[in-house]
Amino acid sequence: MIAAIEPTWYLIVASMLFAIGAFGLLVRNNPLVMFMCIELMLNAANLTFVAMATSLGDINGQTAVFFVLVVAAAEVVVGLGILVSILRRRPGATADDLSELKG
């Protein structure tokens, strides 16, 4: 029989992923890299939801992950479309340049 991994290890991995994503979001200036860091942070939260749902024997955490993934997919479609169109017009654009989009 295969020994089950304790949820503590999943939470440690999720916290490291979240920290890497937060660090990348604060340090990097490229909007695409910042976008990927936000996605990494969302995946860390999803891992936490699944680990706790599995350890508690409840499906509510996995249901929350499903809705987070749906929202993240919609975010990717809209956000990447906007970013790609901006970066095509100005290839060297940074996150500071995106503040010019304010009305």
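In this predicted model, Asn46 counts as buried because its relative accessibility is 6%, under the 20% cut-off. Asn46 is part of helix α2. Leaving aside residues up to four places away in sequence, Asn46 is in contact with Val65, Val68 and Leu69.

A good next stop is helix α3, which runs over residues 60-89. With 30 residues, helix α3 spans 44 Å between its first and last C-alpha, close to the 44 Å expected at 1.5 Å a residue. Seven names make up its buried set: Gly61, Val65, Ala72, Gly79, Leu83, Ile86 and Leu87. These buried residues of α3 pack against α2, residues 31-56. Val65 is thus worth a second look: it is among the buried residues of α3, and Val65 is also one of the residues touched by Asn46. As a general guide to reading such a helix, residues three or four places apart point the same way, because an α-helix has 3.6 residues a turn.

The aromatic rings offer a short story, as the count comes to 1 aromatic pair. The pair of Phe66 and Phe67 is edge-to-face, because the ring planes stand at 70°, over the 60 degrees required; the ring centres are 5.6 Å apart. Both Phe66 and Phe67 are exposed.

Turning to the surface, Ile5, Trp9, Tyr10, Ile12, Val13 and Met16 make a nonpolar patch of about 600 Å². One of these residues, Trp9, lies in helix α1, residues 7-27. Trp9 counts as exposed because its relative accessibility is 55%, over the 50% cut-off.

Note on methods: Residues are numbered from 1 along each chain as its sequence is written. This is a predicted model: local features need pLDDT of at least 70, side-chain atom pairs count only at pLDDT 80 or more; totals for chains, interfaces and linings use all residues. Side-chain values use heavy atoms; hydrogens and water are left out. Helices (H or I, at least four residues) and strands (E, at least two) are DSSP runs, numbered from the N terminus. The expected span of a helix is 1.5 Å times one less than its number of residues. Buried means under 20% relative accessible area, exposed over 50%, partly exposed in between (1.4 Å probe, protein chains only). Contact means heavy atoms within 4.5 Å. Patches are made of residues with over 30% relative accessible area and no salt bridge: like charges are joined within 9 Å, nonpolar side chains (Val, Leu, Ile, Met, Phe, Trp, Tyr) within 5 Å. Accessible areas come from the Shrake-Rupley method with a 1.4 Å probe; for residues, only the protein chains shown count as cover. A salt bridge is a side-chain nitrogen of Lys or Arg within 4 Å of a carboxyl oxygen of Asp or Glu. Rings of Phe, Tyr and Trp (its six-membered ring) pair if their centres lie within 6.5 Å; planes under 30 degrees apart count as stacked, over 60 as edge-to-face and the rest as tilted.
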